[in-house]
Amino acid sequence: MSHTLTIDGISKRYGDVVALDDLSFEVRPGEIFGFVGSNGAGKTTTMRIALGVLSADSGEVRLSGKPVDLDVRRTIGYMPEERGLYPKMKVGKQLAYLAELHGISRSAARNAVARWTERLGIADRVGDTVDALSLGNQQRVQLAAALVHDPAVLVLDEPFSGLDPVAVDVMSDVLVEKANTGVPVIFSSHQLELVQRLCHRVGIISHGRMRAVGTVDELRGGGNARLEVHAPEAPVGWAHHLDGVTTISHLDGRTLLSLDDHVDDQLVLHTALKTGPVHEFSLHRPTLTDLFREVVTA
Ligand SMILES: Nc1ncnc2c1ncn2[C@@H]1O[C@H](COP(=O)(O)OP(=O)(O)OP(=O)(O)O)[C@@H](O)[C@H]1O
């Protein structure tokens, strides 16, 4: 059965710190949702509340309409940011134990451990204790721990941090594969190129509030266009007087401008030509990184 994870108006304070302020969004069946935001924006707090290990002051998290209780929690595959493995326990034994904790039979757990350790490239380490593994391999074990009980939802807190490029590819393939079976997948990350490439939709959180949600294309369409102008003789500030035009940078005759919707780029070209020759004039849509900067500094 496919599920929708709904975060409905959750707020959370730690003393005076407002960690989450009426946050709402949903992750749909088969969707990979990228959850991005600055350090301290509220991502981990949201995910911990979604899993039910932390309670919200107000608001609710539901899985297909059902509030997250102990039963629902067992169907969620969670990868915590602080990681949560027993360092002295053997990888295979630990994964089988965690699968059984989620209600999987012993033989099914054994099969799942074999399947996922093979898939994640750690099959030859099942007899080792976790603390004997490199950090990247511990992370693969942590992902295996989130997968061995065949979860209905995946909630992953910075699963890509510290992974080598091959491990990033393996992790990406696994998330796509799970989403293709109808599982909603949410992960947080600071690697925005990866998020842009992998996610169906993205949510940008800042100071505990969701500032933008949508497909990468929707978000990029909504952001200001970027104009790159190479006019070697143009003085600093040549575009400052133009209405709706913001200078982002100016270096060695190359100026990067942000254009509001109503701005006619030909007027900008005209202005640039008045300063001398224009060797390059190119308009592009913002990347997710550009949008992120715009949203979090707004
Ligand atoms: N246990 C806690 N006690 C007090 N304040 C906390 C606690 N946990 C989180 N906070 C505060 O809540 C806010 C949100 O933190 P959170 O860890 O959710 O952010 P984050 O987006 O996951 O950050 P990062 O990208 O750095 O992991 C921050 O201001 C943080 O300092």
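**Ligand shell, sheet and domains of a predicted model**

Q: Which residues surround the ligand?
A: This is a predicted model, in which local features need pLDDT of at least 70, side-chain atom pairs count only at pLDDT 80 or more, and totals for chains, interfaces and linings use all residues. Residues are numbered from 1 along each chain as its sequence is written. With nearness set as a C-beta atom, placed from the backbone, within 6 Å, the ligand is surrounded by Tyr 14, Val 17, Ala 19, Gly 37, Asn 39, Gly 40, Ala 41, Gly 42, Lys 43, Thr 44, Thr 45 and Glu 81.

Q: Which element supplies the largest share of the shell around the ligand?
A: Elements are DSSP runs numbered from the N terminus: helices (H or I, at least four residues) and strands (E, at least two). β2 (17-27) and α1 (43-51) each give at least two residues to the shell. The largest share, three residues, comes from α1.

Q: Which strands stand at the edges of the sheet?
A: Strands pair if DSSP finds at least two bridges between them. Six strands form an open, mixed sheet in the order β6-β7-β8-β3-β9-β10. Two of these strands have a single partner each, so one side of each lacks a neighbour in the sheet: β6 (76-79) and β10.

Q: What distance separates the centres of domain 1 and domain 2?
A: An automatic or database domain assignment sets the bounds. The chain is divided into domain 1 (5-217) and domain 2 (221-297). Taken over C-alpha atoms, their centres are separated by 39 Å.
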